[in-house]
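Welcome, and thanks for taking a look at this one with us. Please open the structure below and keep it in view while you read the briefing.

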Amino acid sequence: MDTARVLVAADKFKGSLTAVQVAERVTAGLRRVVPGVRVETLPVADGGDGTVAAAVAAGFERREARVTGPLGTPVTAAYAVRSTTAVVEMAEASGLQHLPAGEFAPLTATTYGSGELLRAALDAGARTIVFGVGGSATTDGGAGMLTALGARLLDAYGKPVGPGGAALAGLAEADLSGLDQRLADVDLVLASDVDNPLTGPKGAPEVYGRQKGATEDDIAVLDAALSHYASLLGPDHAELPGAGAAGGIGYGALVALGARFRPGIEVMLDVLGFAPALARATLVITGEGSLDEQTLHGKAPAGVAAAAREAGVEAVAVCGRLALPPEALGRAGIRRAYALTELESDPALCMAQAGPLLERAAEAIARDFLL
């Protein structure tokens, strides 16, 4: 197929390959079978970890800031800037990757560093900030973030409440008058792949607390504390889609920072320039580490495939493991998926050899769709 133009727009394979490495391996495999094939790569992300890296791969400038990590100790966090648009990834400042192995702090982990990272983007002249939220170590409703941006959250004695979600049970006054005035002139887009409310059976503590080390008792404490917090800041916002994202940082952004929620992959496809790249393509290859039920609910491959289908371009997927039947893939706009576990059944080996296996999967795609 001499006129084939392939667009590789895949997310990372978590734990084994970055989105950039996925694109490189897929390209190498395609060219082994069809040496002259034209390939354009556009690594994608859905607002979670890897979002800044995807922006940098698309031409944004990588910047770094020294900020407060989830445990209160300093960490180096990256963000991305192009002209007056910044991409800020809360996981860079407040993510699980900043916790020592096996150590969690579900009640006290803070998003203060995420607020500092937003402030760094403002200092860099950003007028539009894409705020990717996901992969957090925190469940503080964005309280730390708001404090870093100038809010005063006080207890009954007029003292600042402590870090983390549990301390919000003692919140008596929320004074937002000192928030950074530049926020009023910024378009802050909350980019997330989850639309949970802040509290309740589908809220942040109940749905995501356990993966951050919370016990059942911790979850009850956090849910009650966040409910109290929301009663003072604005209970209506607690029910909005995305309020429960990243331990409730979505709520803080929506209620106090004037953020607007959009599905992360939609935002990122806009920011990364996906539409013009898609217009040049005759085949799209997307994917992520695990294609499963979660993929269908706002993850990157589903967003890429939906856009491809709307443009009339065929899409196939690569993945580490495949847990979706062909009919579900078809409904998502994915013609066929190529799983690495089909080439290597041992999960540990599959992850360790993900690069070479992905090249072999790409060779199969080339034989099936490009010859």
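## Briefing: a loop threonine and two helix pairs

Leaving aside residues up to four places away in sequence, threonine 282 touches Thr3, Ala4, Arg5, Val313 and Glu314. Please bear in mind that this is a predicted model. The points below start with that threonine and then turn to helix H7 and to two helix pairs, H7 with H8 and H1 with H14.

**Threonine 282**

- Threonine 282 sits in the loop that links helix H10 (274-279) to strand E11 (283-291).
- Its relative accessible area is 33%, so threonine 282 counts as partly exposed.
- For a sense of distance, phenylalanine 60 is 222 residues away from threonine 282 in sequence, and their C-alpha atoms are 26 Å apart in space.

**Helix H7 on its own**

- H7 has 18 residues, and from its first C-alpha to its last it reaches 26 Å, close to the 26 Å expected at 1.5 Å a residue.
- The buried residues in H7 are Asp218, Ile219, Leu222, Asp223, Ala225, Leu226, Tyr229, Ala230 and Leu233.
- A helpful reminder when looking at such a pattern: an α-helix has 3.6 residues a turn, so residues three or four places apart point the same way.
- The cover over the buried residues of H7 includes helix H5 (143-148), strand E7 (152-154), strand E8 (173-175), helix H6 (204-208) and H8.
- Just after H7 comes glycine 234, with a positive phi near 150°.

**H7 against H8**

- The axes of helix H7 (residues 216-233) and helix H8 (residues 245-256) come within 11 Å of each other and cross at roughly 5°.
- With angles under 35 degrees counted as roughly parallel, H7 is therefore roughly parallel to H8.
- On the H7 side the contact involves Tyr229, Ala230 and Leu233, which meet Tyr251, Gly252 and Val255 of H8.
- Sorted by class, this contact of H7 with H8 has five nonpolar residues, one polar and no charged ones.
- Tyr229, Ala230 and Leu233 also appear among the buried residues of H7.

**H1 against H14**

- Helix H1 (residues 19-33) and helix H14 (residues 354-369) pack with their axes 7 Å apart, at an angle of about 45°.
- H1 and H14 are therefore oblique to each other, and their crossing is right-handed.
- H1 contributes Val22, Arg25, Val26, Ala28, Gly29, Leu30, Arg32 and Val33 to the contact, while H14 brings Gly355, Pro356, Leu358, Glu359, Ala362, Glu363, Ile365, Ala366 and Arg367.
- The residues of this contact of H1 with H14 divide into 10 nonpolar, two polar and five charged.

Technical notes: Residues are numbered from 1 along each chain as its sequence is written. This is a predicted model: local features need pLDDT of at least 70, side-chain atom pairs count only at pLDDT 80 or more; totals for chains, interfaces and linings use all residues. Side-chain values use heavy atoms; hydrogens and water are left out. Helices (H or I, at least four residues) and strands (E, at least two) are DSSP runs, numbered from the N terminus. Buried means under 20% relative accessible area, exposed over 50%, partly exposed in between (1.4 Å probe, protein chains only). Contact means heavy atoms within 4.5 Å. Axes are lines fitted to C-alpha atoms, for helices over the stretch in contact, and angles run from 0 to 180 degrees between N-to-C directions. Angles under 35 degrees count as roughly parallel, over 145 as roughly antiparallel, 65 to 115 as roughly perpendicular and the rest as oblique. Ala, Val, Leu, Ile, Met, Phe, Trp, Tyr, Cys and Pro count as nonpolar, Asp, Glu, Lys and Arg as charged, and the others, Gly among them, as polar. A crossing is left-handed if the near helix is turned anticlockwise from the far one by less than a right angle, and right-handed if clockwise. The expected span of a helix is 1.5 Å times one less than its number of residues.
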